[in-house]
Amino acid sequence: MASRFSSLRLRRRRLHTATNQLSVRQIRNTDFYGCLGDLKNHISDSDFIALSLQNTGSSSFPWHRLQSFDTYDTAYCKAKYAAEKFQILQFALCPFSVRESKLIAHPYNFHLFPRDDLNIGMPSYSFSCQVSHLTSMAREGFDFDACIYDGISYLSRAQESIAKVRIGRSFLTPSTYAVKSSFRQTIADSVFVQRVKSRVKNWKDACNSSTKTNDALLSSLKKLIIGSEQYGSRPSMTIDVCSERQVLLVLELLSEFSDDLVPVVIPAKGGGTQAIRAILTSSKEDKILLEKELQNLEEEENKKFRGFREVVDIISASQKPILSYNSLNDFAFIHSKFLAPLPTGMDEFASSLHLVFPRVLDVKHLISKIGGLSKPISIASALSYLKNHYFAPIDLDIPVEATGNDRKFHGHNAILLCHLFAKACSVLKIDLGGVQSNNNCLASKLDGCANVFGSFSPDHHESEDEDIKISTKNIRKVSCRHLVFLWGFRDGMTARSMKTALEGSHEVFCEEFDVRFVDKKCAIVVFWQPGLSEAFLDAINSDGIVGCLKDMVSEGLKATGYETYKRVCRLGLWEADLAESLERASSEQHHSSFEADPETERLDIYYSNDSIINLADL
């Protein structure tokens with residue numbers, strides 16, 4: 001036994017040493033915009049993108065973590081709770097390709113902090129921290145001062161829209177508007193258009209005539225009378241508008257009136273549009289030059305709103321497959337911080353995310369197809385297992401090495417994830433060499449063995465039932481309706497003593513059943529035959545119970561079905577102990593007209609004896 005642990009420590013030490021030798025570009029606010037050009041090129045040239053997040057926490061209490069008895073809906077509720085509570089401090093990103101047995105990677109690690117740079121109370125007033133997460137980062141030498149003062153801030157897409165309304169913008173190019181109005185003009189519209197058209201014509205004529213006269217005073221008087229201004233060196237005039245309808249009318253008029261006019265929309269500070277500025281150009285080339293200048297100015301102004309979300313938008317625009325080791329948790333954080341507030345349900349979340357990231361591959365799901373890796377383990381442990389049990393040589397090539405302070409060992413999980421993916425594909429005979437990511441053949445192979453994000457739905461899961469071996473040693477398929485939660489039992493009980501106490505207490509326990517603890521105060525009874533869970537719940541809630549079961553109930557034993565657990569997660573009753581949350585949900589349920597969710601009637605889960613906390617084994 002001692003030699004076994006010694007060997008394990010040695011393997012971990014070797015992996016830790018090898019990891020520290022890898023070079024990852026550490027990006028903070030001071031050098032953020034300077035790296036975007038390289039990042040765009042690396043993403044464009046690569047076939048896949050791996051990402052790994054370092055958050056300030058993941059779960060406040062043990063049962064808040066993803067459990068083997070969670071369905072997709074309850075798992076999403078837990079991921080949503082964590083994403084809304086904790087914060088991302090490091091966003092590791094690694095575009096990569098695999099050519100034969102060589103992994104070509106370009107790793108980056110972005111240091112983030114939700115600083116309110118625009119003084120508008122966004123992106124975040126506060127967030128929670130978990131001691132274990134911060135301690136782990138501190139041991140790795142993470143510089144919290146640099147993170148707070150030089151971390152990259154950001155706004156989500158939803159927050160950006162709000163910010164633009166609150167603080168206003170200097171101008172907008174008309175590309176955001178439909179130039180052709182789709183409505184019929186009223187008499188008032190026609191009068192407004194004719195008045196603006198006359199004013200623009202007189203202004204243009206005056207500008208053209210002023211270029212032909214040498215009398216500066218006369219020229220200035222003409223410009224003053226017609227309301228002419230200057231935009232840089234070019235003449236311009238401001239057209240006031242009272243509604244978005246008038247904005248569209250003016251833009252349509254200017255586009256039809258002359259080829260040498262460039263309109264610029266001037267937003268109002270509280271939202272809407274204040275005016276439209278028409279700028280007169282001297283030639284077709286001058287017009288193209290001005291439009292490019294305005295485009296660049298607008299892009300620079302947008303950057304101050306987006307911040308790090310610029311990277312998220314680049315990833316989305318690339319449409320490259322994205323690798324994650326825990327896609328549900330990672331993308332709940334990404335959606336919450338960079339897109340919009342999380343939807344209430346899993347289906348809405350999956351639909352919303354699919355529009356931005358259409359192809360997400362969960363490597364944890366991929367390696368579960370390999371013998372010996374069916375149980376959840378860390379990236380480093382999975383990589384170590386493949387190295388020791390399979391011959392799948394992959395050479396890692398990082399073309400550009402980081403220098404100086406960049407050679408820190410932060411963000412290495414993204415590189416390890418690339419390495420693990422390449423090795424797993426080699427073991428599973430999925431050829432990645434020389435194949436572009438948009439290759440349909442490769443896509444179908446990966447979709448068949450990786451957890452593409454759209455598959456997070458009960459229907460997709462059920463479609464795979466025939467392909468999953470449910471009679472293996474540790475994992476068995478069981479319906480949610482066959483699970484019963486118990487709490488209120490005596491302190492110090494173990495799963496073994498609980499099972500012994502239940503045996504013979506009621507006829508339902510004459511059939512096969514199992515007991516496992518979720519935490520110290522709550523246990524789960526798994527009935528392997530249909531109808532037994534309902535019979536047990538009816539018995540424990542009736543006045544006719546006798547024997548040992550009656551004694552246990554008199555001592556405080558309580559029971560409920562899976563529907564109450566779903567209610568706990570859906571309502572966000574995240575108490576320290578699951579027993580307290582179940583108690584609250586049960587009492588509220590008795591005082592409401594809550595009906596059972598029909599979806600529970602058809603949901604199955606995969607129950608693992610080894611993946612639930614068993615206090616008897618501690």
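Reader: In this predicted model, how many of the residues of β16 are buried?
Author: In the predicted model, strand β16 spans residues 522-527, and its side chains can be followed in two sets. Cys 522, Ile 524 and Val 526 point one way, whereas Ala 523, Val 525 and Phe 527 point the other way, and all are buried. The strand is therefore largely enclosed by the rest of the structure, the count of buried residues being six of six.

Reader: Why do the side chains of β16 fall into two sets that point opposite ways?
Author: Cys 522, Ile 524 and Val 526 leave the strand in one direction, and Ala 523, Val 525 and Phe 527 in the other. This fits a general pattern, because in a regular strand the side chains alternate between the two faces of the sheet.

Reader: Which strands stand at the edges of the sheet that contains β16?
Author: The sheet is open and consists of four strands in the order β15-β16-β14-β17, with antiparallel pairing. Each edge strand has a single partner, so one side of it is left without a neighbour in the sheet. The strands in question are β15 (513-519) and β17 (558-561).

Reader: By how many degrees are neighbouring strands of this sheet turned against each other on average?
Author: The order to follow is β15-β16-β14-β17, in an open sheet. With direction ignored, the average turn between neighbouring strands is 25 degrees.

Reader: Which residue of β16 is the bridge partner of Trp 487?
Author: Strand β14 (residues 483-487) runs antiparallel to β16 (residues 522-527), and five bridges join the two. Towards one end of this pairing, Leu 483 has Val 526 as its bridge partner in β16. For Trp 487, the partner in β16 is Cys 522.

Reader: How many residues does the hairpin between β15 and β16 pass through?
Author: β15 and β16 run antiparallel and are joined by six bridges. Within this pair of strands, Val 515 stands opposite Val 525 in β16. The hairpin joins β15 to β16 through a number of residues that comes to two.

Reader: At what angle does helix α20 run to β17?
Author: Two helices can be placed against the strands here, and one of them, α19 (residues 495-502), lies across β14, β15 and β16, running at about 135 degrees to β15. Helix α20 (residues 532-540), for its part, lies across β14, β16 and β17. Its angle to β17 is about 140 degrees.

Reader: Which residue in the turn between β3 and β4 has a positive phi?
Author: β3 and strand β4 (residues 102-105) pair in the antiparallel sense over four bridges, and Val 98 has Leu 103 as its bridge partner in β4. The two strands form a hairpin with two residues between them, and the phi in question is about 55 degrees. The residue is Glu 100.

Reader: How many bridges join β2 to β3?
Author: Strand β3 (residues 88-99) is mostly covered, with eleven of its twelve residues buried. It pairs in the antiparallel sense with β5 (residues 108-111) over four bridges, where Gln 90 stands opposite His 111. With β2 (residues 48-55) the pairing is also antiparallel, and Phe 48 has Phe 96 as its bridge partner in β3. The number of bridges between β2 and β3 is eight.

Reader: Are α2 and α11 roughly parallel or roughly antiparallel to each other?
Author: The axes of α2 (residues 32-45) and α11 (residues 309-318) come within 11 Å and cross at roughly 15 degrees, in a right-handed crossing. Angles under 35 degrees count as roughly parallel. The two helices are therefore roughly parallel.

Reader: How many nonpolar residues does the contact of α15 with α16 have?
Author: Helices α15 (residues 379-389) and α16 (residues 412-427) pack at about 35 degrees with their axes 10 Å apart, and the crossing is left-handed. Residues of α15 including Ile 379, Leu 383 and Lys 387 meet residues of α16 including Asn 413, Leu 416 and Lys 423. By class, the contact has two polar and two charged residues, and the nonpolar ones number eight.

Definitions and conventions. Residues numbered from 1 in each chain as written. Predicted model: local features only at pLDDT ≥ 70, side-chain atom pairs only at ≥ 80, totals over all residues. Heavy atoms only, no water. Axes fitted to C-alpha atoms, helices over the stretch in contact; angles between N-to-C directions. Parallel < 35°, antiparallel > 145°, perpendicular 65-115°, else oblique. Left-handed = near helix turned anticlockwise from the far one by under 90°. Contact = heavy atoms within 4.5 Å. Nonpolar A, V, L, I, M, F, W, Y, C, P; charged D, E, K, R; others polar. Pairing = 2+ DSSP bridges. Buried < 20%, exposed > 50% of the residue type's maximum accessible area, 1.4 Å probe, protein only.
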